[in-house]
Amino acid sequence: MTHTNEKIYYIETYGCQMNVYDSELVSKMMEECGYKKGDDYRKADAIFLNTCSIREKAEETVHNRLENFQYLKKKNPSLLIGVLGCMAQNLKDDILDSKPYVDIILGPDSYRSIPKLLKDRTNKMNHLVDTKLSKYEIYDELFPSRNEGVNSWVSIMRGCDKFCTFCIVPFTRGRERSRPIDSIVNEIKHGVEEGFVEFTLLGQNVNSYNTPDGKFPELLDRVASIEGVKRLRFSSPHPQDVDDHMLEVMSSYDNICNHVHLPLQSGNDRILKRMNRSYTSNEFLILADKIKQYMPGCSITTDVIVGFPGETEEEFEDTLNVAKKVGFNFAFMFKYSSRPGTKASGYTDQIPEEIKQKRLERLIDVQLDNTLKQNKALVGKTIKVLVEKESKKSKEQWAGRTEGNMWVVFDKGSESVGDLIDVKIEDARGVTLFGINVNREYKYEVA
Ligand code: SAH
Ligand code: SF4
Ligand code: F3S
């Protein structure tokens with residue numbers, strides 16, 4: 001019979017990739033404190049929720065989830081329940097009032113206090129709240145504990161200074177700060193040794209990355225030249241900070257994916273101005289063209305918000321038109337959600353839910369059409385695909401992504417996960433591509 005006194009932690013992550021990365025940092029710290037990761041919260045000694053505040057729904061999900069943990073705490077008073085991340089930052093008072101069984105609340109800059117907190121913890125511990133935002137915390141020299149896979153996230157900067165009027169991030173994540181180039185390069189070399197082949201540089205505005213040793217283009221250049229980096233991605237750049245130097249570096253390396261995630265938000269100039277998005281729709285269109293001049297066939301994906309306060313029917317249609325003109329390969333589309341504390345939540349001309357819903361559906365129609373057109377244009381072409389995992393539908397097939405971040409499904413041959421192979425695209429359905437490995441080696445049975 002196996003018996004172990006090892007303590008178990010369980011962590012659930014909501015929100016963006018930055019949170020995924022942060023959860024990996026927390027995992028690392030927990031493991032260094034002797035905890036083992038578990039995938040059943042009912043058996044855990046410590047439960048963490050790494051939370052997101054970007055839209056109301058994200059917060060509701062976490063509130064509901066926390067309700068579920070209340071009975072566990074009753075059964076086992078020494079269970080530690082921790083709320084981490086953006087909601088911790090944003091809603092600490094609310095959580096303290098309504099959920100007294102939550103033991104610790106830590107904002108995104110406070111995770112280094114976890115080991116001490118575990119050590120000092122007694123059963124009679126009072127609540128511990130640390131949501132101070134730091135101008136400096138970049139969690140340098142802490143290697144995250146990662147799951148297996150081919151892709152690894154690497155945080156290169158934290159915070160955001162742009163203050164778009166709809167957005168909570170500058171309040172939950174604090175001021176912009178960049179990690180030194182050498183430290184990023186070290187983490188990626190370490191990742192290559194661990195077997196990762198694709199790296200995604202993360203930040204709320206990756207291209208406002210700025211250190212004494214260089215800005216974003218210099219960083220791209222350094223990382224792309226690391227041996228073993230088969231693919232390099234980044235998310236998200238801000239249109240305002242895309243410059244020629246960045247595009248030159250992108251086009252000069254084969255391993256930097258020809259893909260730019262370029263959040264549009266709105267295609268109407270009055271709304272863009274009211275959102276505090278520092279570009280006009282025309283400037284955005286010119287930028288999209290320029291990206292394709294540097295990298296023909298480069299895929300451009302985006303984020304769009306519909307129903308921003310005061311958005312008229314015509315202004316919404318401007319967004320549809322820009323979406324059609326650019327022909328985005330893919331888009332994340334959202335109904336505006338009012339975030340208390342942001343400038344736009346104070347605007348008096350909020351749009352009714354039904355109108356937002358209708359606009360969202362119309363935009364989705366336009367975008368599905370865009371995606372399908374872009375994908376159909378690939379039929380007959382042979383493109384590079386990174387083999388990532390077994391297809392959900394069949395054990396006989398792989399799923400991998402194109403440089404443009406689209407999923408391709410193809411029959412298994414002798415290739416393995418992590419290989420970069422040539423796939424001939426044969427069909428495009430929904431948002432998925434289907435193809436065959438052109439160098440596929442068939443396995444013959446020798447009699
Ligand atoms: N820093 C990135 C975006 C991070 S948030 C950038 O500037 O591009 C991801 C997306 O969530 C945003 O691009 C926006 O489209 C959406 N979003 C942010 N706040 C929102 C809100 N209040 N309501 C609806 N969508 C929102
Ligand atoms: Fe939010 Fe704007 Fe910053 Fe993006 S750039 S995180 S949308 S404030
Ligand atoms: Fe959400 Fe915070 Fe990311 S609000 S989207 S988890 S930065």
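**Exercise 1. The surroundings of P340**

Which residues does P340 touch, not counting residues up to four places away in sequence? Locate P340 in this predicted model and state whether P340 is buried or exposed.

*Solution.*
Step 1. Leaving out residues up to four places away in sequence, the contacts of P340 are I168 and S345.
Step 2. P340 belongs to the loop that runs between β16 (330–335) and α12 (353–376).
Step 3. The relative accessible area of P340 is 60%. Exposed means over 50%, so P340 is classed as exposed.
Step 4. As a distance check, the C-alpha atoms of P340 and A46 are separated by 30 Å, and the two residues are 294 residues apart along the chain.

**Exercise 2. Salt bridges between and within elements**

Determine which parts of the chain are joined by the E59 and R339 pair and by the R359 and E313 pair, then treat the pair K373 and D369.

*Solution.*
Step 1. Side chains of opposite charge can pair when their charged atoms come close. A search of the whole structure gives 36 salt bridges.
Step 2. One of them joins the side chains of E59 and R339, at 3.3 Å from N to O. Because E59 is in helix α2 (residues 56–75) and R339 in the loop between β16 and α12, this pair ties together parts 280 residues apart in sequence. E59 and R339 are both buried.
Step 3. The side chains of R359 and E313 also meet in a salt bridge, with an N to O distance of 3.3 Å. R359 lies in helix α12 and E313 in helix α11 (residues 313–326), so the parts tied together here are 46 residues apart in sequence. R359 has a relative accessible area of 5% and is therefore buried, whereas E313, at 32%, is partly exposed.
Step 4. In the salt bridge between K373 and D369, the closest N and O atoms are 3.3 Å apart. Both residues lie in helix α12, four residues apart, which is about one turn of the helix. K373 is exposed at 55% relative accessibility, and D369 is partly exposed at 40%.
Step 5. A network of salt bridges links D22, D109, R158, R173 and R177.

**Exercise 3. The interface of domain 2 and domain 3**

Describe how domain 2 and domain 3 meet, and identify the three residues that supply 40% of the area domain 2 buries against domain 3.

*Solution.*
Step 1. The domain assignment gives domain 1 (7–130), domain 2 (151–376) and domain 3 (382–437).
Step 2. Taken over C-alpha atoms, the centres of domain 2 and domain 3 are 25 Å apart. Contacts involve 18 residues of domain 2 and 19 residues of domain 3.
Step 3. About 1400 Å² is buried between domain 2 and domain 3, and carbon and sulfur atoms give 54% of this area. K230, R231 and N375 supply 40% of what domain 2 buries against domain 3, more than any other three residues.
Step 4. The count of salt bridges between domain 2 and domain 3 is one.

**Exercise 4. Two ligand shells**

Classify the residues around ligand 3 and ligand 2.

*Solution.*
Step 1. Around ligand 3 are C16, N19, T51, C52, S53, I54, C86, R173 and Q204. By class, this shell has four nonpolar, four polar and one charged residues.
Step 2. The shell of ligand 2 is made up of C160, K162, F163, C164, F166, C167, V169, P170, Q204, N205, H238 and R277. Its classes are seven nonpolar, three polar and two charged residues.
Step 3. Q204 appears in the shell of ligand 3 and in that of ligand 2.

Definitions and conventions:
Residues are numbered from 1 along each chain as its sequence is written. Chains are lettered from A and ligands numbered from 1 in the order in which they are written. This is a predicted model: local features need pLDDT of at least 70, side-chain atom pairs count only at pLDDT 80 or more; totals for chains, interfaces and linings use all residues. Side-chain values use heavy atoms; hydrogens and water are left out. A residue is near a molecule or strand if one of its heavy atoms lies within 4 Å of it. Ala, Val, Leu, Ile, Met, Phe, Trp, Tyr, Cys and Pro count as nonpolar, Asp, Glu, Lys and Arg as charged, and the others, Gly among them, as polar. Helices (H or I, at least four residues) and strands (E, at least two) are DSSP runs, numbered from the N terminus. Buried means under 20% relative accessible area, exposed over 50%, partly exposed in between (1.4 Å probe, protein chains only). Contact means heavy atoms within 4.5 Å. Domain bounds come from an automatic or database domain assignment. Buried area is the accessible area (1.4 Å probe) that two parts lose on being put together, summed over both. A salt bridge is a side-chain nitrogen of Lys or Arg within 4 Å of a carboxyl oxygen of Asp or Glu.
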